[in-house]
Amino acid sequence: MKKTIQYLFSLVLIAGLVSCNNGDNQKKLRGQGGLATNAAERVYVAPGEHDEYYGFFSGGFSGQLGVYGLPSGRLLKVLPVFSQNPENGWGYTEETKPMLNTSFGFVPWDDSHHPDISQTDGVLDGRWIFINGNNTPRIARIGLETFKTEEIIEIPNSAGNHSSSFITENTEYVVAGTRFSIPVPQRDMSIKEYKGNFKGALTFISVDQETGRMAIKFQLMMPGFNYDLSHPGRDKSHGWFFFTTYNTEESHTLLEVNASQNDKDFIAAVNWKKIEEYVNNGGGKMTPTRYAHNVMDMDSHVATSTIIEEVLTVDPLDVPGAVFFLPTPKSPHGCDVDPTGEYIIGNGKLSADLTVHSFTKMLDAIENEKFDGEAYGIPILNFEDILAGVVKQPGLGPLHTEFDDKGNAYTTFFISSEVVKWKVGTWEVLDRQPVFYSVGHGMIPGGNSRKPFGKYFVAMNKITKDRYLPTGPELTHSAQLFDITGDKMELLLDFPTIGEPHYAAAIPAEIIKDKSKQFYRLSDNKHPHATLKSSDVRIERNGKEVHVYMTIIRSHFNPDNIEGIKVGDKVYFHVTNLEQDFDVPHGFATIGANNAEMLIMPGATETLVWEPKQVGVWPFYCTDFCSALHQEMQGYVRVSPADSNLPLSWSVGED
Amino acid sequence: MKKAGILMIIGSLLLLGLFKFPLWNIMLGAPQYPDPLGMNIYINGIEGVKEFDIQNIDNLNHYIGMKTIPKNHEMWEFEVFPKVILGMVILGVLLGIIGFLGKISYKWFLGWLILMSVLGILGMYDFNLWLIDYGSNLDPNAIMKYTQPDGSPMTYKPPLIGYQKMLNFDVDSWPAMGGYMMFAGMALVFVSFFVGKSEYKSLKDR
């Protein structure tokens, strides 16, 4: 009893000491984690110096992809992908409009989630980066020489393209899984009849190794669960793909309660090599559907959109031994595979523990048919027989796990707002650091591949609150950079992001920076409306359509005086930038344009449509400060009444 | 006079480098051009250091009214220089062979060197005349007209050799690989003269 009182007394004393200290330092401690003293030095990239990594952060509801330098956290560029971007005309110019075409028509927006960089032998190779549009299911491919979206493919029979866009270790496939199951084919039916009638499509998109061109190889039509996230097998488990599921209850309403009832949901293990073989031997069923495939031709910079009207579907029951369910506690969210390919981590977001499955044990359970029933004919493996281990009580609300190159895993916890470092194999917790606040994904450069570059960990947080100067009710999302080279993680930096960074991918800068294009060669310009020399400058009328073939070079438009345009005309300005130097884009803007301005890179041609509505003489000008004579880079269009007989004329430098 | 003859032959042959490598190089760097623009001057024409450098230099020069950099066919020099150099190489090699066989005096080697030097100086003089014209014969309607502190119009002649600051540009003008090979060749010929002289002496002393 006396001892107990002594204990209590000393506890109170300690608490007093701590709270005294906290009074002054709480704010500071919270910001720096109390550890990193020379943090500024370690994230400082001196003027003119380059960052060590390119970080590609999904733009979430902005639909774009943010390019950041790491460790500085500096925003280098916002790459337009799924959303119109008036800044450079993406989705507004005639060349780029087809990129945003879908089976629903022109969709100028999306919700971009999970970027993933192409790989060879499980190692980042920096050829392309892929990202999914979650809302109107699409996958985009961005070339890492031009940093331009080169291709967008729509995913049919899908809704809520969330367990995407993750790639196999030789970039054989980009995989897209549906979060929302739907009737396939779509039809008018009662929502209440969801259970047993809806389907969840898992789509395998092949990638041409030369051109990067995507094509849907097959769609695996799974039971109507919610396929949340996915991850390819690595190394020894290469050939398999793993998808977390929730709502295995197949509830159609109030999912926050009804989809959280089962003690265990599943990770679906898909042997895609087996299905690929089945398909290559004529398996699967061609099913009518509609989806858009949009390709930017990189010689002409003109995109075309093609509607494809069928897709090859595969019923998992037709390929025995290809699909299994791994029971995983409590609505697993992230699905992650360690660099060796042995461990499959199910981040059960409503569970307090982390469940780790063993790939070897999984194969053994399949071999020896250690099944625990089935779901819609798909065998469920016995939980205990495939379990590799459990990370006990690491935190609340585990979402995602990334890996370093020293056998450690880093799991993000949304509810307890922290990152926890643990040892793969012993499942022992090594360190935990708070994040501000409520982290979603974490990212280590190469941290989902066979070869992580384990220097930094970036937490992408869902809640910002007081981390920056307040900007009214609407705040930016925040990312936080940790140094993970030591035993303990050290918080180095906070930086704001665009939209909502769901996931990110980063790559050592030296892999791609020297391949980055400086300008397009004019002699390679295959644009059908390009004007490659001044003598080809002209204006042609075809009914109410007027095509202006214009060139630009510092610092004038040719032509810069245009007459003979009439109210009601549809004027196509095909503008070719004749410059052949790095960082000399020109902009083109007309008064009253109902679309946007456009930027034309050196050597490229872009087209903006202008529909003049008022008689008068109207200016156009260069929007991108291009030279000392930029302000002089301007011109006039004379717009005459609709019934005018004034012939077309054009000139530059004439009195 | 075997050694001297060989040196004479090698020295003259080094001039052939001018057909492969630039004689001279002019680089233009500026705050906006961290990766400087440059031109390589060959005996048969001017080329950009990078593919589009000439186009970009011309593009900048039009602001201050400079003429465009001459194309190969626009200057007679680019026709004549290769012939002169080739002639000197043939002459040098012939002198070397005859010298090697001991049929002529080592003084001929010096004669070749003097001729080459005179031609070189004439070439430099001509080159400098072009630079002066290029840098000061400006379009009266130039977009930008700058003046010297004394009020006279600014000229933009790049230095014949060395460094000069011109407006926002740092201009460096130096011999390039072909030029260095030519100088080395001429130096070898100079050496061959003395080697020939000592060979001649030792022959006489015997």
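The following exercises, each with a worked solution, concern helix packing in chain B and local backbone features in chain A.

The model is predicted: local features need pLDDT of at least 70, side-chain atom pairs count only at pLDDT 80 or more, and totals for chains, interfaces and linings use all residues. Residues are numbered from 1 along each chain as its sequence is written, chains are lettered from A and ligands numbered from 1 in the order in which they are written, and side-chain values use heavy atoms, with hydrogens and water left out.

**Exercise 1. Determine what the end-to-end distances of α4(B) and α5(B) give against the expected helical span.**

Step 1. Helices are DSSP runs of H or I with at least four residues, strands are runs of E with at least two, and both are numbered from the N terminus. The expected span of a helix is 1.5 Å times one less than its number of residues.

Step 2. Helix α5(B), residues 177-205, has 29 residues and should therefore span 42 Å; its end C-alpha atoms lie 41 Å apart, in agreement.

Step 3. For the 30 residues of α4(B) the expectation is 44 Å, and the end C-alpha atoms are 43 Å apart, which also agrees.

**Exercise 2. Identify the buried residues of α5(B) and the helices against which they pack.**

Step 1. A residue is buried under 20% relative accessible area, exposed over 50%, and partly exposed in between, with a 1.4 Å probe and protein chains only.

Step 2. The buried residues of α5(B) include G178(B), M182(B), M186(B), V189(B), F193(B) and E199(B).

Step 3. The buried residues of α5(B) pack against α1 (2-13) and α4 (107-136) of chain B. Residues three or four places apart in an α-helix point the same way, because there are 3.6 residues a turn.

**Exercise 3. Describe the geometry and composition of the contact of α4(B) with α5(B).**

Step 1. Axes are lines fitted to C-alpha atoms, for helices over the stretch in contact, with angles from 0 to 180 degrees between N-to-C directions. The axes of α4(B) and α5(B) come within 8 Å and cross at roughly 150°.

Step 2. Angles under 35 degrees count as roughly parallel, over 145 as roughly antiparallel, 65 to 115 as roughly perpendicular and the rest as oblique. The two helices α4(B) and α5(B) are therefore roughly antiparallel.

Step 3. Contact requires heavy atoms within 4.5 Å. Among the residues of α4(B) that meet α5(B) are F109(B), W112(B), L113(B) and M116(B); on the side of α5(B), the participants include M182(B), M186(B), V189(B) and F193(B).

Step 4. The residues of this contact divide into ten nonpolar, two polar and one charged. Here Ala, Val, Leu, Ile, Met, Phe, Trp, Tyr, Cys and Pro count as nonpolar, Asp, Glu, Lys and Arg as charged, and the others, Gly among them, as polar.

**Exercise 4. Establish how α3(B) and α4(B) are arranged and which residues meet.**

Step 1. The axes of α3(B), residues 77-100, and α4(B) come within 10 Å and cross at roughly 170°. The helices α3(B) and α4(B) are therefore roughly antiparallel to each other.

Step 2. Residues of α3(B) including F81(B), V84(B), M88(B) and L95(B) meet residues of α4(B) including F109(B), W112(B), L119(B) and D126(B).

Step 3. The contact of α3(B) with α4(B) comprises twelve nonpolar, four polar and two charged residues.

Step 4. F109(B), W112(B) and D126(B) are also among the buried residues of α4(B).

**Exercise 5. Locate the cis peptide bonds at S165(A) and P185(A), and the positive phi values of D121(A) and N247(A).**

Step 1. Most residues other than glycine have a negative phi, and most peptide bonds are trans.

Step 2. The bond from S164(A) to S165(A) is cis, with omega near -15°, and S165(A) lies in the loop between β9 (148-154) and β10 (166-167).

Step 3. V184(A) and P185(A) are joined by a cis bond with omega about -5°; P185(A) is in the loop between β11 (173-177) and β12 (199-207).

Step 4. D121(A) has phi near 55° and sits in the loop between β6 (116-120) and β7 (123-133). At 47% relative accessibility, D121(A) is partly exposed.

Step 5. N247(A) has phi near 50° and belongs to the loop between β15 (240-246) and α3 (255-258) of chain A. At 0% relative accessibility, N247(A) is buried.
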